[in-house]
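Student: I should like a close look at one part of this protein, namely its nonpolar interior. Please also relate that part to the strands and loops and to the open space around it.

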Amino acid sequence: MALERTFSIIKPDATRRNITGKVIAKLEEGGLRVVAQKRIHMTREQAEGFYAVHRERPFFGELVDFMMSGPVVVQVLEGEDAIKRNREIMGDTNPKDASPGTIRAEFAESIGENTVHGSDAPETAAVEIKFFFTDAEIVG
Ligand code: ATP
Ligand code: MG
C-alpha cells in the first residue's frame with residue numbers, strides 16, 4: 001500500500017439535492033482526505049474533454065449534457081491506496097449493483113446520474129487531476 005492521490009467529482013445530481021456534505025462525509029469516513037476542492041459549472045468543452053474516452057459510447061451525449069446540467073464539486077483525495085479505496089466507497093457504476101453503504105447505493109438515482117466520479121488507475125488519476133487543478137491548488 002502507498003499514499004496515493006485520486007481525482008473525484010461530485011456530480012450535478014448531488015449538488016441539485018444539496019447532499020455534497022453527505023458524500024464528502026462518506027469519503028472522509030472511508031479514510032480519504034480532501035487535499036484540493038472547488039465548485040465549478042463545467043463548460044461543454046470541459047465535459048467533452050474530460051469524458052473523451054467515452055466519445056464512441058451511445059450514452060456520451062447524455063453524459064456530457066448531464067455533467068453540464070448544474071454545478072459539480074471537483075476534488076483531489078489522498079490516502080492509502082486512494083484510487084481503489086475511493087472506488088470501493090463509491091460502489092458500482094449502476095446503483096442497483098452497488099453494495100449497501102456505498103455512496104451510489106445510498107444516493108445515486110440511476111446508472112447515468114450516479115452522484116460521483118472516481119479515477120480508475122494511476123495514469124488516469126494523474127491526467128484527471130491536471131485537467132482541473134494546478135499544483136498550487138493542491139494544498140494537502
Ligand atoms: P466514473 O467514470 O464516472 O467514475 P465508472 O468508472 O463507474 O464511473 P464508466 O464506465 O467510466 O463508469 O462510465 C462513466 C460514466 O458514464 C458513469 O459514471 C455514468 O455516469 C455514465 N454511464 C456509464 N454507463 C452508462 C449507461 N449505460 N447509460 C448512461 N450513462 C452511463
Ligand atoms: Mg470511469
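Tutor: The account below begins with the basis of the model and then turns to the interior, the strands, the loops and the pocket. This is a predicted model, in which local features need pLDDT of at least 70 and side-chain atom pairs count only at pLDDT 80 or more, while totals for chains, interfaces and linings use all residues. Residues are numbered from 1 along each chain as its sequence is written, chains are lettered from A and ligands numbered from 1 in the order in which they are written, and side-chain values use heavy atoms, with hydrogens and water left out.

A nonpolar core is a set of buried Ala, Val, Leu, Ile, Met, Phe, Trp, Tyr and Cys residues joined through side-chain atoms within 4.5 Å. Buried means under 20% relative accessible area, exposed over 50%, and partly exposed in between, with a 1.4 Å probe and protein chains only. The largest such core holds 21 residues, and those with the most contacts inside it are Phe-7, Ile-9, Met-42, Met-67, Val-74, Phe-132 and Phe-133. Two or more residues come from each of β1 (3–10), β2, α3 (44–50), α4, β3 (72–80) and α7. Among these elements, α4 gives the most, with five residues. Helices (H or I, at least four residues) and strands (E, at least two) are DSSP runs, numbered from the N terminus. A second, separate core has 15 residues, including Ile-19, Val-23, Leu-32 and Val-116.

Phe-7 deserves particular attention. Leaving out residues up to four places away in sequence, Phe-7 touches a list that includes Phe-50, Val-74, Ile-129, Phe-132 and Phe-133; contact here means heavy atoms within 4.5 Å. Phe-7 also stands opposite Val-76 in β3. The strands β1 and β3 run antiparallel and are joined by eight bridges. Three bridges join β1 to β4, and this pair is antiparallel too. Two strands pair if DSSP finds at least two bridges between them. Within β4, His-117 is the bridge partner of Ile-9.

Strand β2 (residues 33–40) contains Arg-39. Its contacts, apart from neighbours within four places in sequence, are Thr-15, Thr-20, Pro-71, Val-72 and Val-73. Arg-39 and Ile-10 are 29 residues apart along the chain, and their C-alpha atoms are separated by 9.2 Å.

The loop between α2 (20–29) and β2 includes Gly-30, and Gly-31 lies in the loop between α2 and β2 as well. Gly-30 counts as buried because its relative accessible area is 16%, whereas Gly-31 counts as exposed because its relative accessibility is 51%. Beyond residues up to four places away in sequence, Gly-30 touches Arg-85 and Ile-89, while Gly-31 touches Glu-78 and Gly-79.

Finally, there is the open space. The largest pocket contains about 660 Å³. On a 1 Å grid over the protein atoms alone, a pocket is an open set of points where a 1.4 Å probe fits, with protein on both sides within 12 Å along at least five of seven lines, and lining residues have an atom within 4 Å of a point. Its lining has 26 residues, of which Tyr-51, His-54, Phe-59, Leu-63 and Thr-93 lie nearest the centre. The elements giving two or more residues to this lining are α4 (60–67), α5 (82–90), β4 (116–118) and α7 (122–132).

Definitions and conventions: Grid points are joined across faces, edges and corners, and a volume is the space filled by probe spheres set on the points.
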